Amino acid sequence: MNLALRTKRRKLRIRSSVKTVKRARLSVFRSSKYIYAQIIDDAKGVTLVQFSSKALKIEGDKTAAATAVGKAIAEAALAKGVKQVVFDRGEYKYHGRVKALAEAAREGGLDF
């Protein structure tokens, strides 16, 4: 099975299990240079909070940038009154930058 098909199947499998109307969704997108995270209310169809390593202009390695984005999004979510979320890692494995962002968001006070 080629890489593109495996990636697409993983994305569909993860996305089908995290769609929920009871909790907001913490969605992660990772590019080769930056990492983006947003908290989405699927019931209303609106984005509540969003941050990226590009907008924060973080110096250092990519893992440190992902950690800073995780902390920032957790602080902003708590300020908006969002405590519980569902983590949507998309097509990415729970490893490296995605894992660093998730752990920083947990340390920041988000529950998932």
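I take contact to mean heavy atoms within 4.5 Å. With that in hand, I looked up how far apart in sequence the partners lie: residues 24 or more positions apart account for 59% of the contacts in the protein chain with a separation of 6 or more. A reminder to myself: this is a predicted model.

**Entry: overall layout**

I went through the elements and found four helices and four strands in the protein chain. Read from the N terminus, their order is α-β-β-β-α-α-β-α. I then checked the dimensions. The C-alpha atoms fill a box of roughly 45 × 35 × 20 Å along the principal axes. The radius of gyration is 14 Å, which agrees with the value near 13 Å for a compact globule because the chain has 112 residues. Of those 112 residues, 39% count as buried. The chain exposes about 6,800 Å², with carbon and sulfur atoms supplying 51% of that area.

**Entry: strands 1 to 3**

I followed strand 2 (residues 35-41) next, and five of its seven residues turned out to be buried. Strand 1 (residues 24-30) runs antiparallel to strand 2, and six bridges join them. Strand 3 (residues 46-52) also pairs with strand 2 in the antiparallel sense, over six bridges. I used isoleucine 40 as a marker: arginine 25 stands opposite it, and its bridge partner in strand 3 is threonine 47.

Then I looked at the turns. Four residues lie between strand 1 and strand 2 in their hairpin. The hairpin of strand 2 and strand 3 has four residues between the strands, and glycine 45 in that turn has a positive phi of about 75°.

**Entry: the core**

Which residues have the most contacts inside the largest nonpolar core? I found Leu26, Ile39, Val85, Phe87, Leu101 and Leu110, in a core of 23 residues. Strand 1, strand 2, helix 3 (62-80), strand 4 (85-88) and helix 4 (97-107) each give two or more residues to this core. Helix 3 has the largest share, with six residues.

I picked isoleucine 39 for a closer look. Leaving aside neighbours within four places in sequence, its contacts include Leu26, Leu48, Ile73, Ala77, Val85 and Leu110.

**Entry: helix 3**

I checked the length of helix 3: its 19 residues reach 27 Å from first C-alpha to last, close to the 27 Å expected at 1.5 Å a residue. Its buried residues include Ala65, Val69, Ile73 and Ala77. I was pleased to trace what the buried residues of helix 3 pack against: strand 1, strand 2, strand 3, helix 2 (53-56) and helix 4. Just after helix 3, I noted glycine 81, with a positive phi of about 90°.

Conventions
Residues are numbered from 1 along each chain as its sequence is written. This is a predicted model: local features need pLDDT of at least 70, side-chain atom pairs count only at pLDDT 80 or more; totals for chains, interfaces and linings use all residues. Side-chain values use heavy atoms; hydrogens and water are left out. Buried means under 20% relative accessible area, exposed over 50%, partly exposed in between (1.4 Å probe, protein chains only). Two strands pair if DSSP finds at least two bridges between them. A nonpolar core is a set of buried Ala, Val, Leu, Ile, Met, Phe, Trp, Tyr and Cys residues joined through side-chain atoms within 4.5 Å. The expected span of a helix is 1.5 Å times one less than its number of residues. The radius of gyration is taken over C-alpha atoms; the globule rule is 2.2 Å times the number of residues to the power 0.38. Accessible areas come from the Shrake-Rupley method with a 1.4 Å probe; for residues, only the protein chains shown count as cover.
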